[in-house]
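Here are some short exercises to help you find your way around a new structure. Have a go at each task before you read the solution.

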Amino acid sequence: MLFHPHTVQARASTALGLVRLAASPAGLCGVWFEGQRHEPVHLLHGDRAWAEAAGHTLLQEAAGQLQQYLRGERDGFDLPLDLSGGTAFQRDVWRALLVIGRGGTTSYGRLGQQLGRPLAVRAVGAAVGRNPVSVIVPCHRVLGADGSLTGYAGGLDRKTALLALEHAPHRHDHPQPLHLRQQPWLPDDHDIQTLKEHA
């Protein structure tokens, strides 16, 4: 990920834990839960970290909207976003995530089909996992092909809480142990049909 050199950051407390928010001159470019996988650690902590800007107007507005959303006091977000730090493919995936409405879900396979890349399920999954603007760009709404919870950079407990808050359907009755999610990708019936159609 590449970020604008004049990016600034702030911290905020939410119902799901502490978050770090980042803004460039173009818009909100980051929301990470504390300790989230793929957070830009060297830009959030230490000597080379982005400047703290607790009074930054956009960061204050983003923190307020996020806190309201997680308390169930608002249904969406009205914030300028800067997703320019990703690759062209990542940006396409992140923009597609913005179309998934509150209470809705999709699968990695369906997302790939929407993008015209039906065989790029793993690449779609990787891009979803690298989403820099958690919750606001709703990567938590992407599920496994069978509706099961899959990985979430902010933790499966948060993904479960977000989907419950949004009343989104998902299969949670028999969650797989975390170590099973590390297994290599195996095609499901939908993927096999797609492969046959494109053979």
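**Exercise 1: a histidine in a loop**

Task: Find where His140 sits in the chain, and decide whether His140 is buried or exposed.

Solution. Start with the place: His140 lies in the loop between H5 and E6. Keep in mind that you're looking at a predicted model. Next, check the cover. Buried means under 20% relative accessible area, and His140 has 0%, so His140 is buried. Finally, look at the company it keeps. Leaving out residues up to four places away in sequence, His140 touches Val135, Tyr152, Lys159, Leu162, Leu163 and Glu166.

One of those contacts, Val135, deserves a stop. Val135 is also in the loop between helix H5 (121-129) and E6. Val135 is not a glycine, yet its phi is positive, about 70°. With a relative accessible area of 2%, Val135 is buried.

**Exercise 2: the covered side of H6**

Task: Which residues of helix H6 (residues 156-165) are buried, and what do they pack against?

Solution. First, pick out the buried residues: Leu156, Arg158, Lys159, Leu162 and Leu163. Then see how they are spread around the axis. They cover an arc of only 155°, which puts them on the same side of H6. The general rule helps here: an α-helix has 3.6 residues a turn, so residues three or four places apart point the same way.

Now for the partners. The buried residues of H6 pack against strand E3 (27-33), helix H2 (57-70), helix H4 (108-114) and strand E6 (142-143). Lys159, Leu162 and Leu163 are also among the residues that His140 touches, which ties this exercise to the one before. Last, look just past the helix: H6 is followed by His167, with a positive phi near 55°.

**Exercise 3: another positive phi**

Task: Where is His38, and how covered is His38?

Solution. Go to the loop between E3 and helix H1 (41-44), and you'll find His38 there. His38 isn't a glycine, but its phi is positive, about 75°. As for cover, the relative accessibility of His38 is 37%, so His38 counts as partly exposed. Set that beside Val135, which is buried at 2%.

**Exercise 4: building the sheet**

Task: In what order do the four strands of the open sheet come, and which are the edge strands?

Solution. Read the order across the sheet: E3-E2-E1-E4, with mixed pairing. The edge strands are E3 and strand E4 (51-52), since each pairs on one side only. A helix joins the picture too: H2 packs on the sheet, where it touches E1, E2 and E3, and its direction makes about 25° with that of E1.

Now take the pairs one by one. Strand E1 (residues 8-14) and strand E2 (residues 17-24) are antiparallel, with seven bridges. Gln9 has Ala22 in E2 as its bridge partner, and Ser13 stands opposite Leu18 in E2. Two residues lie between E1 and E2 in their hairpin.

Move on to E2 and E3, which pair in the antiparallel sense over six bridges. Here Leu21 has Val31 in E3 as its bridge partner. E2 and E3 form a hairpin as well, with two residues between them. As for cover, E2 has eight residues, and six of them are buried.

**Exercise 5: ring pairs**

Task: How are the rings of Tyr69 and Phe77 placed relative to each other?

Solution. Begin with the count: there are four aromatic pairs. For Tyr69 and Phe77, the ring centres are 4.7 Å apart and the planes are at 35°, so the pair is tilted. Then compare the cover of the two partners. Tyr69 is buried at 1% relative accessibility, while Phe77 is partly exposed at 25%. Elsewhere, ring pairs join Phe3, Trp32 and Trp50 into a cluster.

**Exercise 6: the whole chain**

Task: How many helices and strands are there in the chain, and in what order do they run?

Solution. Count the elements: seven helices and six strands. From the N terminus on, they run β-β-β-α-β-α-α-β-α-α-β-α-α. Next, the cover: 46% of the 199 residues count as buried. The chain exposes about 10400 Å², of which carbon and sulfur atoms supply 53%. To finish, look at contacts between residues at least 6 apart in sequence: 59% of them join residues at least 24 apart.

Notes: Residues numbered from 1 in each chain as written. Predicted model: local features only at pLDDT ≥ 70, side-chain atom pairs only at ≥ 80, totals over all residues. Heavy atoms only, no water. Buried < 20%, exposed > 50% of the residue type's maximum accessible area, 1.4 Å probe, protein only. Arc of directions from axis to C-beta. Contact = heavy atoms within 4.5 Å. Areas by Shrake-Rupley, 256 points an atom, 1.4 Å probe, with all protein chains shown as cover. Pairing = 2+ DSSP bridges. Axes fitted to C-alpha atoms, helices over the stretch in contact; angles between N-to-C directions. Phe/Tyr/Trp six-rings, centres within 6.5 Å; stacked < 30°, edge-to-face > 60°.
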